[in-house]
Amino acid sequence: MLRLQLQQLALPMMPSPGHPMKCLENDPLPVPHEWYQSGDFLIGGIMSHIIYHFQIQSFEKHPSHELLDITSFVTKFYQHLLALAFAIHEINENPKILPNITLGFHIYDNYNDERMIYRTTLDLLFRLHHFVPNYKCDPQKNVIAVIGGLGSDTSFHIANILGLYKIPQLTFGSFAPGNKGTTEFPSFYRMIPNEDLQYIGIIKLLLHFRWTWVGIFSVDNDSGEHFLQNLEPRLSQNRICSAFTEKIPQQSQLHGMSEFNAIIARLYQPFTDIRARTVIVYGETMIVISLHTYLYFGDPGYNDDPSSGKVWIMTAQIDLALTTLQKSWDMKFFQGSISFAIHSNDLPGFHQFLQLIKPLLTQGDDFLKDFWEQTFDCSLANSPDQMDEICTGEEKLESLPRPLFEMEMTGHSYHIYNAVYAVAHAMDAMYSSKFNQRAIMGHKGDRDLQPWKLHPFLQGISLNTSDGRTIYFDTNKEATGGFDIMNFVTFPNKSFHRVKVGRVDEGQEFVINENIIVWHRTFNQGLPISRCNDYCLPGYQKKKKEGKKFCCYDCVSCPEGKISHQKDMEDCLKCPEDQYPIKEQDVCIPKTMSFLSYEEPLGISFSLAAVSFSLITASVLGIFIKHKDTPIVKANNRAITYTLLIFLMLCFLCPFLFLGQPEKMTCFLQQSAFGLIFSLAISCVLAKTITVILAFLATQPGSRKRKWVGQRLATLVVLAISSIQAGICTVWLGTSPPFPDLDTQSLNEEIIVKCNEGSLIMFYIVLGYMGLLSLLSLILAFLVRKFPDTFNEAKFITFSMLVFCSVWISFVPTYLSTKGKYMVAVEIFSILASSAGLMACIFSPKCYIIMLRPELNNRQHLMNRQHIKI
């Protein structure tokens with residue numbers, strides 16, 4: 001509707017030939033401030049440095065008497081006007097730019113009110129001394145371009161009017177990406193990059209300092225809403241939480257003290273959250289002024305409260321400023337603030353230009369009187385509001401603290417200056433073009449330039465600035481570039497100093513030098529911490545608190561076998577397979593290699609036992625060979641006895657395949673040799689048992705078993721039984737042989753160096769076959785245990801096999817329940833124990849007779865007695 005009304009307002013209102021139109025002689029609402037300097041072409045300016053509160057109309061008297069009520073100036077922004085005037089002055093003095101053409105300017109203020117934005121914009125286009133919309137009452141007024149405004153809302157309100165006439169509008173504020181602009185307002189140019197780069201910079205800044213619990217203050221308008229919609233998802237994506245989000249209305253929008261007090265209560269409460277030490281502020285300078293006001297009235301002593309120390313992160317539209325009503329306030333509350341700033345540069349001659357600004361010397365500037373009086377707290381001569389102190393007009397601008405006025409050119413002023421030069425260079429390029437010169441100069445002269453003809457040249461402009469940078473507009477008519485990162489250092493004299501501490505470039509490169517940042521005094525120059533809770537120390541991991549934001553969490557110890565070597569780790573890390581965590585679980589150290597070595601006590605014990613048992617067996621074999629012709633040796637197949645002793649001796653030597661670090665050859669032979677040797681030993685025992693049975697049966701009258709008694713049957717039994725085990729081992733070694741392996745999982749602090757069986761099935765088949773032979777020997781021996789003693793070796797075999805089976809039955813659960821080298825120890829012990837059981841039970845009685853009771857070792861005695869008592 002507003003756009004339609006403006007279009008209707010802008011329709012050509014041509015006077016009829018018989019009734020020439022005249023401009024009105026008085027205005028319903030006089031605008032009290034303007035700065036006009038004549039020229040062939042005018043560059044308009046709409047600034048934002050005066051705050052008015054507009055009274056509600058009573059309709060009881062003329063509206064011009066009650067509508068405006070001036071309250072205060074943001075005197076710092078007066079520099080924006082001076083930057084525009086300085087640029088015009090330089091261009092007019094420069095014969096290389098627009099020779100023979102003089103530029104002028106006409107500057108208004110928008111008074112931070114929508115109604116006045118439209119009014120002053122219409123004044124800029126159609127009024128010199130009288131106000132008639134759509135009529136040029138002064139034929140000399142030729143506005144070629146307009147610079148303004150500072151904020152997005154102000155700029156778009158201006159564009160609603162300028163767009164109708166296709167007058168170029170160059171803004172000097174940073175706006176949200178994707179906001180109105182190129183499509184809706186084709187005449188809209190942005191001298192500053194959009195805010196998207198600031199979002200990236202804010203996230204990288206928070207991540208750099210590990211600030212994850214931050215507050216947000218945002219202006220309460222469309223721009224603020226757009227900012228929140230873009231920033232908050234980015235915060236979440238980077239594991240950053242907003243402790244609070246509050247919208248700040250401008251003071252000019254408030255109506256009454258009750259609303260003012262309600263805003264104070266709403267804003268001050270989250271401000272007291274001492275965990276949220278970092279606060280992001282989005283908006284314009286007026287928002288910081290409003291926030292300063294709300295916090296001041298919420299608690300006048302907040303500046304001295306140690307818990308009030310914050311790290312303020314401010315966007316590029318914000319500058320630290322005070323209104324004339326706040327001149328007595330200091331800025332230490334904002335000590336250590338970090339701001340994304342528009343790039344600026346000190347221009348030669350600007351400082352001298354400011355020194356020439358005097359109330360008595362500067363002509364046509366209606367702003368200067370109020371600026372001077374409110375800034376220096378004095379009254380100029382003939383002032384209606386007479387103060388006690390009279391202004392001399394020689395007061396020094398450089399004596400003012402920075403929140404009131406700066407002598408160095410600010411970022412916004414610098415881009416106003418560049419905007420003027422952009423327009424001038426575009427005009428110069430157009431006049432330099434032969435084609436355009438013919439079109440322009442054809443019949444109307446070089447002074448009749450229409451603003452819309454300037455657009456192609458503005459879009460193609462490439463402006464080299466005084467600091468070596470190049471400014472040009474992209475396809476969205478936005479100037480390219482990045483942002484500086486500034487640190488505010490405040491002083492007791494209510495002033496401050498900016499220190500450049502970093503930058504964020506258009507290529508998203510982020511640079512920060514934290515060593516030169518000065519923090520708020522409450523942090524004692526330590527890095528501020530802005531978190532929901534303390535860091536989780538190394539050795540701990542985060543655990544989410546139910547019902548809380550993900551930035552608020554508990555810290556729990558890492559699970560067994562895992563570590564966290566940094567603060568605030570989401571999950572603990574598993575150590576590499578060859579490492580394990582120390583007790584604190586914050587670092588991994590190498591595991592030790594674990595195997596049963598010859599050097600450790602257990603290995604030495606087994607080695608001594610194996611050698612001792614082998615020597616004993618060899619001694620027994622020697623005794624049996626020496627007494628080979630004695631009846632007790634000959635009684636139970638002398639050859640099988642020798643064979644059994646030899647294999648028992650080899651059984652005692654098997655542990656040496658298990659001791660020491662496993663290697664390819666030892667692993668290859670270990671289990672198969674053990675299985676085959678033991679099978680041979682058991683087969684010899686089984687052969688001896690069968691020999692006892694056949695010998696007894698052969699003594700029966702008429703028995704045909706006599707032909708089976710002898711060495712051939714025993715040898716056949718041994719070969720048949722052992723060949724089966726040999727076949728099993730051959731298949732095992734041929735298909736899936738054992739190999740050296742590292743077990744990193746079974747023990748936390750050790751790597752088990754072991755022989756991998758290759759095939760557990762084949763391993764248990766070998767053990768099972770041995771068990772079957774042992775069980776068969778035990779059963780047969782048990783059945784013949786009551787045979788006459790003359791032939792009876794069976795009861796010794798029974799007892800030996802009972803010991804043997806007991807050992808290996810106990811071996812299985814023990815072996816499966818142990819880990820590492822102790823598994824090897826269990827197997828070696830079982831080998832030694834079972835072999836020793838066979839050796840002791842079978843051969844100790846015979847050795848006793850041979851060595852200690854030789855009188856019993858004769859055939860007659862053995863044949864005649866029923867029992868042998870030992």
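Strands β2 (residues 41–47) and β5 (residues 103–109) pair in the parallel sense over seven bridges, and β2 also pairs in the parallel sense with strand β6 (residues 143–147), in that case over four bridges. The model described here is predicted, and the points below take up this strand pairing, a further set of parallel strands, a helix, and the salt bridges, of which the structure holds 23.

**Strand β2 and its partners**

- Strand β2 is mostly covered, with seven of its seven residues buried.
- Phe-41, Ile-43, Gly-45 and Met-47 point one way from β2, while Leu-42, Gly-44 and Ile-46 point the other way, and all of these residues are buried.
- On the β5 side, the bridge partner of Met-47 is Asp-109, whereas on the β6 side Gly-44 stands opposite Val-146.

**Strand β12 and its partners**

- Strand β12 (residues 311–314) is covered on both faces, since Val-311 and Ile-313 on one side and Trp-312 and Met-314 on the other are all buried.
- Strand β11 (residues 278–282) runs parallel to β12 and is joined to it by four bridges, with Thr-278 standing opposite Val-311 of β12.
- Strand β13 (residues 338–341) pairs with β12 in the parallel sense over two bridges, and here Ile-313 stands opposite Ile-338 of β13.

**Helix α11**

- Helix α11 (residues 411–432) has 22 residues and reaches 31 Å from its first C-alpha to its last, which is close to the 32 Å expected at 1.5 Å a residue.
- This helix is mostly covered, as 19 of the 22 residues in α11 are buried.

**Salt bridges between separate parts of the chain**

- The side chains of Lys-247 and Glu-225 meet in a salt bridge, with a distance of 2.3 Å from N to O. Because Lys-247 lies in strand β10 (residues 241–248) and Glu-225 in helix α6 (residues 222–237), the pair ties together parts that are 22 residues apart in sequence.
- Lys-247 counts as partly exposed, at 28% relative accessibility, and Glu-225 is likewise partly exposed, with a relative accessible area of 28%.
- Arg-239 forms a salt bridge with Glu-570, and the closest N and O atoms of the two are 3.8 Å apart. Arg-239 lies in the loop between α6 and β10, and Glu-570 in the loop between β21 (562–563) and β22 (573–574), so this pair ties together parts that are 331 residues apart in sequence.
- Arg-239 counts as partly exposed at 41% relative accessibility, and Glu-570 also counts as partly exposed, at 37% relative accessibility.
- Glu-600 and Lys-821 have side chains that meet in a salt bridge, at 3.0 Å from N to O. Distant parts of the chain are linked by this pair, with Glu-600 in the loop between β25 (592–594) and α14 (601–626) and Lys-821 in helix α22 (residues 821–852), 221 residues apart.
- Both partners of that salt bridge, Glu-600 and Lys-821, are buried.

**A network of salt bridges**

- Salt bridges also link Lys-76, Asp-319, Arg-402, Glu-406, Glu-408 and Arg-498 in a network.

Terms used: Residues numbered from 1 in each chain as written. Predicted model: local features only at pLDDT ≥ 70, side-chain atom pairs only at ≥ 80, totals over all residues. Heavy atoms only, no water. Buried < 20%, exposed > 50% of the residue type's maximum accessible area, 1.4 Å probe, protein only. Pairing = 2+ DSSP bridges. Salt bridge = Lys/Arg side-chain N within 4 Å of Asp/Glu carboxyl O. Expected span 1.5 Å × (residues − 1).
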